[in-house]
Amino acid sequence: MKKIWSGLIYTFFIFMGFLLVSSLSAVLQYDHELVINLDNFVLSMKTTLTQIGDFSTLRIPWGESSRTYPVTEVFIQSYGYSFLILLSSFILAIVVSIMLSYAFMLLPNK
């Protein structure tokens, strides 16, 4: 149980580190002099958190054109078929291994 909690805490700190590093560019601004702007930093962290939680805002380029598509649409169309093939091959491997194990048990000891 202790390992589970330490793993969860470790994962939380990694996530917070990524969040802080991704929002770090909003801290420093240069107008006529270098200014530290913590309001933009907090706003950038809030925006990043809301974008991570909402998958409909995530878009990726797909295909030859430079158009972007929602991540969920791309995963459903292109990876659904691949997952079906993977799952069916896994089930086939289990069935074949059970049949071969049973066949080897029926062979004579010599």
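This briefing covers three helices and one strand, residue by residue. The model is predicted. Helix α1 spans residues 2-23, helix α2 spans residues 38-53, and helix α3 spans residues 71-106. Strand β1 takes in residues 28-30.

**Helix α2 and its two sides**

- Helix α2 has 16 residues. From first C-alpha to last, α2 reaches 23 Å, close to the 22 Å expected at 1.5 Å a residue.
- The buried residues of α2 are Phe41, Ser44, Met45 and Thr48. Seen down the axis of α2, these buried residues fall within an arc of 100°, so they line one face of the helix.
- That buried set packs against α1.
- Exposed residues sit on the other side of α2: Asp39, Val42, Leu43, Lys46 and Gly53.

**Ser23, in helix α1**

- Ser23 belongs to helix α1.
- Ser23 has 0% relative accessibility. Buried means under 20%, so Ser23 counts as buried.
- Beyond its neighbours within four places in sequence, Ser23 is in contact with Phe41, Ser44, Met45 and Thr48. Those four residues are the buried residues of α2.

**Leu28, in strand β1**

- Leu28 lies in strand β1.
- The relative accessible area of Leu28 is 49%. Exposed means over 50%, so Leu28 is classed as partly exposed.
- Leaving aside neighbours within four places in sequence, Leu28 touches Leu34, Val35 and Ile36.
- Leu28 and Leu38 are 10 residues apart in sequence. Their C-alpha atoms are 8.5 Å apart in space.

**Helix α3: Val74 and Ile98**

- Val74 is found in helix α3, and Ile98 has its place in α3 too.
- Val74 is buried, at 5% relative accessibility. Ile98 is exposed, with a relative accessible area of 55%.
- The two residues are 24 residues apart in sequence and 36 Å apart in space, C-alpha to C-alpha.
- Setting aside neighbours within four places in sequence, Val74 is in contact with Ile60, Trp62, Tyr69 and Tyr79.

**A nonpolar surface patch**

- Ile98 is one of the residues that make a nonpolar surface patch of about 900 Å².
- The other members are Phe83, Leu86, Leu87, Phe90, Ile91, Ile94, Val95 and Met99.

Technical notes:
Residues numbered from 1 in each chain as written. Predicted model: local features only at pLDDT ≥ 70, side-chain atom pairs only at ≥ 80, totals over all residues. Heavy atoms only, no water. Helix = DSSP H or I, 4+ residues; strand = E, 2+ residues; numbered from the N terminus. Buried < 20%, exposed > 50% of the residue type's maximum accessible area, 1.4 Å probe, protein only. Contact = heavy atoms within 4.5 Å. Patch = residues over 30% accessible without salt bridge, like charges linked within 9 Å, V, L, I, M, F, W, Y side chains within 5 Å. Areas by Shrake-Rupley, 256 points an atom, 1.4 Å probe, with all protein chains shown as cover. Salt bridge = Lys/Arg side-chain N within 4 Å of Asp/Glu carboxyl O. Expected span 1.5 Å × (residues − 1). Arc of directions from axis to C-beta.
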